[in-house]
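Student: I'd like to go through this structure and ask why things get the labels they get. Can we take it step by step?

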Amino acid sequence: MAFDADKVKLGRRGLLAGGGALGLTGALAACSGGGDDTDTAAESTGPWEFTDDQPATVELDHVPTKLVAYTGMAAALYDFGIEVPAVFGPTTNEDGSATSQAGNLPVGDLTVFGNTYGEFDVEAYAEWGPEVLLTHFYYDPASLWYVPEESKADITALADVVALSADDGANTLDAVIGRHAELAQSLGADLESEANAANKERYDAAVAALTEAAAANPVTVLACSAAAETFYASNPAMGNDMRFFTELGVTFVQPDNLDEGGYFESLSWENADKYPADLLFLDSRVQALQPDALTDFPTWAALPAVQEGQIVAWEAEPMYSYGLAAVSIEALAEAITNAKKLV
């Protein structure tokens, strides 16, 4: 797929686009499943077999340990107890700290074959000797997330590929996490370990809290992302997280003039107030502008939700482990609980 700088502002599913890494790294650390009481990488015994979502079945005579994964997938596996030694995708910020997609990964210890979109060091990857490459896809199984199209044939020729669907237009966050749990278990994770059990309990409690909050205080939520020239109003039907939250009772704004692809409506800053909302669910990835960078935007400052401080970070590229996902669900539940009705 061709790289579109504007779309990389707000999507994540082949389209992605906006959003940024938030300062959730510290909060995420509180729920790591990759700690001392979680089984880590599987011993290299075998055989190993896993059927992904393409669907394709990978079979090896041993459980692979020389894993290379998209950063977000590596973070999920790490939280379940599987160490992935090499990654590609947004792993570190300019100051060397972990991006939000990296979750609790020990980024300083990882081999990184590419830290930005379109970057993948094929020569270093080949020399490293991967056994399996793990990543996501959005809608099209042939389009591997953060694997550059121009070098995909070379990359996929070097190791087996396992790809999980991050979005097919119908699956939800809950189901996607479940698939990551299955993959982790196949690689040796103990899903009944103390850490994993605690993370699942926290996740279930967060889901219950969000359900209760949405029922008790049915405020209107606008999922959005900010860029220098554009304010994006996101389509809640196009994200596995928002589809799940909608099922739980959250009321999202539905934009009525979606861009091609259907992920969002691009608004000029003069029209940023087109969709009144009680709460802004603001894309928090590193690609998107955050509130402290928006103070000089008059139409942003005039939004009722901004004036009331009713903004909550949105992981526009969700985290796919129970412990990591619980953090953002808890934050949304708390924001809804405390939000005033403004529109």
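Tutor: Sure, and keep in mind that this is a predicted model. Let's begin with Asp 256 and Lys 274, which form a salt bridge.

Student: What makes the pair Asp 256 and Lys 274 a salt bridge?

Tutor: The closest N and O atoms of Asp 256 and Lys 274 are 3.0 Å apart. The cut-off is a Lys or Arg side-chain nitrogen within 4 Å of a carboxyl oxygen of Asp or Glu, so a pair at 3.0 Å earns the name.

Student: Which parts of the chain does that pair tie together?

Tutor: Asp 256 sits in the loop between β10 (251-252) and β11 (264-268), while Lys 274 sits in the loop between β11 and β12 (279-283), so the bridge ties together parts that are 18 residues apart in sequence.

Student: Why is Asp 256 called exposed, and why is Lys 274 called partly exposed?

Tutor: Exposed means over 50% relative accessible area, and Asp 256 has 58%, so the label fits. Lys 274 comes to 36%. That value lies between the 20% and 50% limits, so Lys 274 counts as partly exposed.

Student: How many salt bridges does the structure hold?

Tutor: There are 11 salt bridges. One of them joins Glu 182 to Arg 179, with the closest N and O atoms 2.5 Å apart. Both residues belong to helix α5 (residues 173-186), where they are three residues apart, about one turn of the helix. Glu 182 has 40% relative accessibility and counts as partly exposed.

Student: What makes Asp 53 part of this story?

Tutor: Asp 53, Arg 179 and Glu 182 are linked in a network of salt bridges.

Student: Are Arg 285 and Asp 283 buried or exposed?

Tutor: Both Arg 285 and Asp 283 are buried. They form a salt bridge too, with 2.7 Å between the closest N and O atoms.

Student: Let's move to Lys 341. Where is Lys 341?

Tutor: Lys 341 is in the segment after α10 (322-338). Its C-alpha atom is separated by 8.8 Å from that of Leu 279, and these two residues are 62 apart along the chain.

Student: How do you know that the side chains of Lys 341 and Asp 278 make a polar contact?

Tutor: The distance is 3.2 Å. A polar contact needs a pair of N or O atoms within 3.5 Å, one able to donate a hydrogen and the other to accept it, so this pair qualifies. A polar atom of the Lys 341 side chain also lies 3.4 Å from the backbone oxygen of Pro 218.

Student: Why is Asp 278 called buried?

Tutor: Buried means under 20% relative accessible area, and Asp 278 is at 0%, so it counts as buried. Asp 278 lies in the loop between β11 and β12. Leaving aside neighbours within four places in sequence, its contacts include Val 219, Thr 220, Ala 305, Gln 310 and Leu 342.

Student: Now the sheet. What is the order of strands in the open sheet of five strands?

Tutor: The order is β5-β4-β3-β6-β7, with parallel pairing.

Student: Why do β5 and β7 stand at the edges?

Tutor: β5 (111-112) and β7 (160-167) each have a single partner strand, so one side of each is left without a neighbour in the sheet.

Student: How do you know that β6 and β7 pair?

Tutor: Seven bridges join strand β6 (residues 132-138) to β7. Pairing calls for at least two bridges, so seven meets that cut-off. As an example, Leu 134 has Val 162 in β7 as its bridge partner.

Student: Which helices pack on the sheet?

Tutor: Helix α2 (residues 71-80) packs there, touching β3 (67-70), β4 (86-88), β6 and β7, and its direction makes about 115° with that of β3. Helix α5 packs on the sheet as well, touching β6 and β7, at about 160° to the direction of β7.

Student: What makes β7 mostly covered?

Tutor: Seven of the eight residues of β7 are buried.

Student: How many helices and strands does the chain come to?

Tutor: The chain comes to 10 helices and 13 strands. Of its 343 residues, 56% count as buried.

Definitions and conventions:
Residues numbered from 1 in each chain as written. Predicted model: local features only at pLDDT ≥ 70, side-chain atom pairs only at ≥ 80, totals over all residues. Heavy atoms only, no water. Helix = DSSP H or I, 4+ residues; strand = E, 2+ residues; numbered from the N terminus. Buried < 20%, exposed > 50% of the residue type's maximum accessible area, 1.4 Å probe, protein only. Contact = heavy atoms within 4.5 Å. Axes fitted to C-alpha atoms, helices over the stretch in contact; angles between N-to-C directions.
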